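Colleague: I should be grateful for guidance on reading a structural model, feature by feature. Might we start with a hairpin and then turn to sheets, helices and empty spaces?

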Amino acid sequence: MKKILKSFAFAGVGMLSLASCSDFLDQTSPSEMFGDVVFQSESSTEETINLIYSGMVLDHTYGCRIPLNFATNTDCELIDAITDETTQNANERGLGNYVPSSSWNRLPQNWSNMYTMIENANIAIEGINNSPIKDNAKMKYLLGEALTIRAMVYYDLIKNYGDVPLKLEAAKADGSNLYVAKTDRDVIMDQLLKDLQQAADLLPWAGQAGYTTEHATKGFALGLAARIALAEAGYSIRESRKEGYVDLSEKREGQQGYSDATYPTMRPGDAKRQELYELALDCLNKIIAEGPHKLNPSFDDEWTLSNQLKLDQTYYENLFEVAHGLNMSGEMGYTAGVRMSSISTHFGYSNSSGKVKIPAPFFYSYDPEDTRRDVTCAPYELRDATSTQTFTNNPFNGIYVAKWDVRKMPENWLQMNKAVSQKTGYGINWIVMRYSDVLLMYAEVVNELFGPTGAGNCGLTAKDALAQVRQRAFPAAAHATKVADYVNNAAASKTAFFNAIVDERAWELAGEAIRKYDLVRWGLLIDKSVAMLDSYRNAIANDAYPSKLFYKENATAEEWYKIDYASVCWYAEPEDQTGYKSASWLGGVKKEVTQEDGTKVKEIDDTNANYASLNFLFRGLFHYDKYAGFQGTAGVVNRHLIPIGTTTITNSNGTLQNSYGF
């Protein structure tokens, strides 16, 4: 076993019992359970599957790294770094600004923990396939789960590291398969798509056979296959040029291409892309036509349920959730969420950092009537011991993600948080995929294949799918203009409809660790990120943001709901300011200066840290100047991937090395 612990897959992590949560507590390693004997029993086999799930709750996998640390920066999500120093630190702040360090010790921990899950899945898959009871319905379900979770873990490795070792068999006793070189990611994804199609045939839908969305189900296997197919069909930076693939710069009519001469950003040719889109459509058709998944009529209620640590077993909007445990695991609410700035007499320990932020231009991109904005964006914090809801003042990079909100947490969380004096797990599940994502992928695929008015076998047109998502977002009185008219206008062409999908996926999925990977596959990571900075810079130059935010308070509300949100003047100061309070806002970047002739004008305050941050954000991806704007790409062009950790390479027996200029 010690030799295995030093291999590429298991550096520092063995197949030991893992403290986890929900149904995945105190699991025992298959290697400790008398080898093949374990797979002669359904209950023992289920323990091996639960061991795979238990690896998902760790901070270095789906507790923090994958959903929260690796997914920034984008046009709608930023890490909390705004200075020259913090944007290049050897931690999540540097990584989020595309200046990752291979010496950051959390990278090898992520790598080893992810491959430990893969190894445990390999053991389970081999064991079930060789089991005398493999044809039992329960054993088929368990095989489907192992295949699905292994595919999910591999995909999350690929989208962050690029080409990685593909290992589909358990470690051999003689150590002959411990050290494995990288495999082209498209080869891996083709294999994952086959595995997921097999898994979908084996698994029940959520709500059947006792399966909840905390386990892999048929719907998630199909949805994950669609997500992987779209990723493979899209752009990614490569270790070398691939025959038959198309360079990003060759397909960007009217726009600048971003592809490196040595490490080109490429996507497959038209025939392969067609095949992948058709595969994705087949999977999405099945989810929509046959599955139990629907949109919860209330966007707010869906996130309230998550904060309440409850599963949606009415609409099954969430196709899969990583199950976390209260006081055990999960940084949703901590690293991302409405922030408590101090220990609170009501909520207890100030167990939140709010490292994941939403930039102000994205907040202002929402339609004022879009109800998702205030469920997604929190330009306030709960301040001092009273937890008084207080605007964050001039928050270009100071808007928190409101989807996770301590004010919505249940009583058992409240009592737990009052009793602790250090960081602890919130227990909020990480939602990997929602049905709105399925509908928007479907709209994108149908538009690509048939145009906006085309339809798949489930009967929905691309327009219908987009309209479903928007209809939930707006009050009924606005449906004629904000849904029907909007969608009809977007359907004027395939390009216009694609652009509408790009926008809608941001408004719907912001903060959920999806946007970065969407922008990468579309080849829009630099374009959209630059456009966000341009939006802020131009708004400041043209005084488009108010310098003060006027609002009223709810006299009878609890302190943590003190702001009367209906009264907030987001776009202009009110003529009659009677009864209003005010806070410094985005326009406060400017200061009043007296010229030589005595006239007073407003000029940008060079000492303002928010505005100065334009010079440092995204620094490893492109250069930007707070006055002149985009100044070209940085270093290796479009280097969105992260390096393999130094100790992982050291322990790989010469089989692994970094690429992309790392």
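Modeller: Certainly. In this model, which is predicted, three residues form the hairpin connection between β19 and β20. Strand β19 covers residues 622–625 and strand β20 covers residues 629–633.

Colleague: In which sense do β19 and β20 pair, and over how many bridges?

Modeller: Their pairing is antiparallel and rests on three bridges. As an example of facing residues, Phe622 lies opposite Thr633 in β20.

Colleague: How should I think about side chains when I look at such strands?

Modeller: As a general idea, side chains in a regular strand alternate between the two faces of the sheet. For a sheet in this structure, consider the open one with the strand order β4-β6-β5, where three strands pair in the antiparallel sense. The edges are taken by β4 (236–237) and β5 (246–247); each has a single partner strand, so one side of each lacks a neighbour in the sheet.

Colleague: How many bridges connect β4 to β6?

Modeller: Two bridges connect β4 to β6, the latter spanning residues 265–267, and the two strands are antiparallel. Within that pairing, Ile237 faces Thr265 of β6.

Colleague: What is the strand order in the sheet that contains β14?

Modeller: The order is β15-β14-β16, an open sheet of three strands with antiparallel pairing. At its edges are β15 (563–569) and β16 (581–584), each of which pairs on one side only. From one strand to the next, the twist averages 35°. Strand β14, residues 548–553, is joined to β16 by four bridges. There, Phe550 has Ser582 of β16 as its bridge partner.

Colleague: Let us proceed to helices. What is the general idea?

Modeller: An α-helix has 3.6 residues a turn, so residues three or four places apart point the same way. A further check is the length of the helix. Helix α6 (residues 106–129) has 24 residues, which should span 34 Å at 1.5 Å a residue; because its end C-alpha atoms are 35 Å apart, the two values agree.

Colleague: Is α6 mostly covered or mostly uncovered?

Modeller: Helix α6 is mostly covered, with 20 of its 24 residues buried. Buried here refers to a relative accessible area under 20%.

Colleague: How far does α15 reach from its first C-alpha to its last?

Modeller: Helix α15 reaches 22 Å with its 16 residues, close to the 22 Å expected at 1.5 Å a residue. This helix is also mostly covered, since 14 of its 16 residues are buried. Just after α15 comes Gly451, whose phi is positive, at about 95°.

Colleague: And how does one find empty space in a model?

Modeller: Rolling a probe the size of a water molecule over the atoms shows where empty space is left. In this structure, the largest pocket holds about 720 Å³ of space. Its lining comprises 24 residues, and those nearest the centre are Lys251, Arg267, Thr495, Phe498 and Asn499.

Colleague: Which helix gives the most residues to the lining of the largest pocket?

Modeller: That is α18, with five residues. Among the other helices that each supply at least two are α9 (218–233), α10 (270–290) and α20 (525–541). By class, this lining has 11 charged, eight nonpolar and five polar residues.

Colleague: How many cavities of 30 Å³ or more does a search of the whole structure find?

Modeller: The search finds five. The largest cavity has about 220 Å³ of space. Its lining consists of 22 residues, with Tyr155, Lys159, Arg227, Ala513 and Ile514 nearest the centre. Helix α7 gives the most to this lining, namely four residues. Elements supplying at least two residues include β13 (430–434) and α15. The lining has 14 nonpolar and eight charged residues, but no polar ones.

Colleague: Which residues are closest to the centre of the second largest cavity?

Modeller: The second largest cavity encloses about 180 Å³. Of its 16 lining residues, Lys159, Ala231, Tyr235, Ser236 and Val520 are closest to the centre. At least two lining residues come from each of α7, α8 (185–202), α9 and α19. By class, the lining of this second largest cavity comprises eight nonpolar, two polar and six charged residues.

Conventions:
Residues are numbered from 1 along each chain as its sequence is written. This is a predicted model: local features need pLDDT of at least 70, side-chain atom pairs count only at pLDDT 80 or more; totals for chains, interfaces and linings use all residues. Side-chain values use heavy atoms; hydrogens and water are left out. On a 1 Å grid over the protein atoms alone, a cavity is a set of points where a 1.4 Å probe fits but cannot get out, and a pocket is an open set with protein on both sides within 12 Å along at least five of seven lines; lining residues have an atom within 4 Å of a point. Grid points are joined across faces, edges and corners, and a volume is the space filled by probe spheres set on the points. Ala, Val, Leu, Ile, Met, Phe, Trp, Tyr, Cys and Pro count as nonpolar, Asp, Glu, Lys and Arg as charged, and the others, Gly among them, as polar. Two strands pair if DSSP finds at least two bridges between them. Axes are lines fitted to C-alpha atoms, for helices over the stretch in contact, and angles run from 0 to 180 degrees between N-to-C directions. The expected span of a helix is 1.5 Å times one less than its number of residues. Buried means under 20% relative accessible area, exposed over 50%, partly exposed in between (1.4 Å probe, protein chains only).
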